[in-house]
Amino acid sequence: MKKLKKETQQKEPVVSKQKPGFFEDILDHPYIIIIFLPLVCFGRTICFEFLNYDDQLFIVDNQKLIYDFSNLTNVFTHGIWSFIHFVSSYDYYRPFLILSLMIDAQFGGASPLVYHISNLLYHITACLLLFRLFIKLDIRNNSALLLTCIFAVHPIVTQAIAWIPGRNDTLLAIFILASFLNYINFVRSGKNRFLILHFLFFILGLLTKETAVLLPAICFYYSAFITKEKLFSKHNFVFGCLWIIIAFLYFFLRAKALGQMENEVTFPLMIQTAIYRLPAIVHYVGKMILPFNLSVKPTQQDTSLLLGIVSVIIIAVSLFLSKQKNYRKIFLGTFWILIFLIPVLALPKMFNDNIFEHRAYLPLVGMLILLYESVPFNNKFLAGTKAIFAGSAVVFLFFIISFNHAQYFKTALVFWQNAALNSPHDSEAHIKLGSQYFLQGDKVKAEVEIQKALALNPKEKRANAGLGAIYADRGEFVKAEKYYKAEIALGTNYLEDFKNLGSVLVTLKNDSDAIVCFENALRLDSNDNSVNSNLGFLYFNRQDYDGAKKVWERMLMLTPNQLKIHANLAILYSRTGDYNKAIYYANAEEKIGGKMPEGFIQAMNEQLNIHENNKRLL
C-alpha cells in the first residue's frame, strides 16, 4: 500500500507557474498606465499658443502683476477681473487660479510653454487621485484602472488641459478628490492626520472655486449611506459645525473681495436662469456618454439635445438591466453628477450662454461611478480577456477623439474658427475671429465676421471699434468715425478707442471734437505721450498757447529727454514773444541731440535784442 502510494505520488504531474501575458503584465503597473496615457494623448498641447481668451488677459497683458509675489495679498482680497484691472459687470473669486499662474510666471514669463506643462501635470495628478478614490470605493482594481483610463483621455476633459484657464476645474477636482479621500480615510481609521488633511484640501478647493462648498453633501451621503453611520451622530455633528464655520469664513472673504459686483443677480433672475439652464445638464450627460458634438466654445442655443437624451436613455437602461447593481453607489454617482453641475444652473444668460466642457471635469467622476454599476461592468460582461479588449477599444476611441479635438486649441485663429463654426449664434466668437483675421492682415474676412457679431448683438463690445479700425485703415474715415463713436457710446473704457477716434477726427479736420476726444482719453491715462502730443498740437493750431504749453510741459515732466518737446515749446514761446524761454528750450533740444530750424536761435537772439532796445527807448 505504501509502495502504491509512493508510485502514485511520483506519477503526479508537476504544475509549473504560467508566466503572465502581455496585458496582465501591463495591468500590474496601473500608475504607469495612468501617467502614460495623458502624456501621449495631450502631450503636444505643451507647444500650443495662447488663445486670446482670458489667457491673454491673465498672463500676457498682466506680467507685472502675476510675476511679482508682492501682489500675493491682492490675490486673496480681489476678484480675478479687478485684480488684473479689467472692467467687467461681474467678477469671480479664484485666488488659487491666479496663484498657480503666478507660480508658472516665475519660470515661464509670458511664454505659454510652462503654463501648458502645468495643465498637463495637474490632469495627471487628478487621474492618480481618481484611481485611489475608486479603490477606496471598493471598485475592482482592473475596473478602477479602466474607468481611470477613460477619464484620463475622455474628450470632455480636453478643454481643461489644452486651454490654460481651464486648469481651474482640474485644480478643483484635485482638491475635492484629495479632501474626499482623506475624509474616507478618517472615517475608516479615525486618525487625526486625515481629518486635518481633509479640511486643508477643502479650504484649498474653496479658494479655487466656490463649487467646493458642495463637498460636505457628498461626505454626508457617504457617511450615512455607504458606511451606514447615523446621520445625526457625534461625528457628523462635529464635521458639520467645522464645514459651516469654514464656509462662512470663505463667503465672508469672498464677499469682501467682490464687493457689490453681484448685486445684479436677483432672486427672480436666479429662478429664471435655473429653468433656462436645465437642458444644460442633459447636454453635459450627453457629452460624457457620447462625446461626439464637441466645441471649443459651445453655447446652449447651438448644442443639440438629441445626444444628451439618447445618453440619458442609455445609462438608465443599462442600470435597469444590471442584475448585481449597488443602489447606494448608483445614488452616489447620480448625486455627484447633479451636485457638481448645480453651479451651471446659476449662471445668467446675460453673462454668457456658454456651456463650457471643462465644467464637466469633476461631474465626470460621478458618471464613471454610475458606469461601474451598469451592465458592462456587472453581469460578468467585462471579465477576463474580453474585458481587456472591450475596455481598450473604448479608451482607444476616446483617445482618438480627444487627440483630434485638441488640435482646435493650437492657435488663437484655429480656436476661434472652431468656435464660430460650432456656435454660429455666439457674437463673441465672431468678434474674436474677426480680430484674429484683422491681426493676420485679412481685413475682408475680419469685416464679415465683425458684421455677423453686430447683427447678433448690436451691443457686442469691441465690434464697433473693430469696424472703425478696418474703415480707418481703408481711408473711409467717415465710416470709421461712425463706428468709433458707437463704441464709445456703449461705455468703452479702452484708451485706444478715444485715441483712434481722435486721429480720425483730426484727419477729417474736426479739431473741436478731436480735442474733446483726446481730453477724454487723458482722463483714462494722463501719462500717454501720443495723446498729449496730439492734444498739444491741436491747441497750438487753434492758437490756444496756454493749453498747448500745459500739455507739453506735462510731457517734459514724464519724459525729460524726449526729442521735439523742447522744440515745440521753443516755437510756442517764439509765438508768444517770450524769446528768453524760446532760446532756453531751443538750446535744451539741441543739447539732447535734437535739431531746431536753421537759424532759429540766431533769430530769437535778434528778436530779443530788438525787444530790449525798444524797452530802452521807452
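In the next few minutes I will go through the overall form of this protein, its aromatic contacts and a few single residues.

Please keep in mind throughout that what we are looking at is a predicted model. To begin with the fold as a whole, the protein has 32 helices and zero strands. Its radius of gyration is 33 Å, whereas the globule rule gives 25 Å for 618 residues, and because the value is well over that figure, the protein is more spread out than a compact globule. If you take the principal axes as your frame, the C-alpha atoms fill a box of roughly 155 × 60 × 50 Å. As for burial, 50% of the 618 residues count as buried.

Let me turn to the aromatic residues, for which a search of the whole structure finds 36 aromatic pairs. One of these joins Tyr 53 and Trp 163, whose rings are stacked, with 5.5 Å from centre to centre and 25 degrees between the planes. Tyr 53 belongs to the loop between helix 3 (30–42) and helix 4 (55–60), and Trp 163 to the loop between helix 11 (158–162) and helix 12 (167–189), so this pair ties together parts that are 110 residues apart in sequence. Are these two side chains buried or exposed? Tyr 53 counts as buried, at 8% relative accessibility, and Trp 163 is buried as well, with a relative accessible area of 5%.

A second pair to look at is that of Tyr 573 and Tyr 585, which is also stacked, here with 5.7 Å between the centres and 5 degrees between the planes. Tyr 573 lies in helix 30 (residues 565–576) and Tyr 585 in helix 31 (residues 579–591), so in this case the parts tied together are twelve residues apart in sequence. Tyr 573 is buried, its relative accessible area being 3%, and Tyr 585, at 12%, is buried too.

Beyond pairs, there is one aromatic cluster that I would ask you to find on the structure: it is formed by Phe 180, Tyr 183, Phe 186, Phe 199, Phe 220, Tyr 222, Phe 239, Trp 243, Trp 336 and Phe 340.

Which rings have a charged arginine over them? The charged end of Arg 44 sits over the ring of Phe 403, at 3.9 Å from the ring centre, and Arg 462 lies over the face of Tyr 494, where the distance to the ring centre is 4.0 Å.

On the surface, my next stop is a nonpolar patch made up of Phe 237, Val 238, Leu 242, Ile 245, Phe 248, Leu 249 and Phe 252, which together have about 740 Å² of accessible area. Leu 249, one of the patch residues, lies in helix 15, which runs over residues 234–258.

I will finish with two single positions, Val 448 and Phe 36. Val 448 is placed in helix 23 (residues 443–456), and at 42% relative accessibility this valine counts as partly exposed. Its C-alpha atom is separated by 7.5 Å from that of Gly 434, although the two residues are 14 residues apart along the chain. Phe 36, for its part, is found in helix 3 and counts as exposed, because its relative accessibility of 52% is over the 50% cut-off. Between the C-alpha atoms of Phe 36 and Ala 105, which are 69 residues apart along the chain, the separation is 26 Å.

Note on methods:
Residues numbered from 1 in each chain as written. Predicted model: local features only at pLDDT ≥ 70, side-chain atom pairs only at ≥ 80, totals over all residues. Heavy atoms only, no water. Phe/Tyr/Trp six-rings, centres within 6.5 Å; stacked < 30°, edge-to-face > 60°. Helix = DSSP H or I, 4+ residues; strand = E, 2+ residues; numbered from the N terminus. Buried < 20%, exposed > 50% of the residue type's maximum accessible area, 1.4 Å probe, protein only. Lys NZ or Arg CZ within 6 Å of the ring centre and 35° of its normal. Patch = residues over 30% accessible without salt bridge, like charges linked within 9 Å, V, L, I, M, F, W, Y side chains within 5 Å. Areas by Shrake-Rupley, 256 points an atom, 1.4 Å probe, with all protein chains shown as cover. Salt bridge = Lys/Arg side-chain N within 4 Å of Asp/Glu carboxyl O. Rg over C-alpha atoms; globule rule 2.2 N^0.38 Å.
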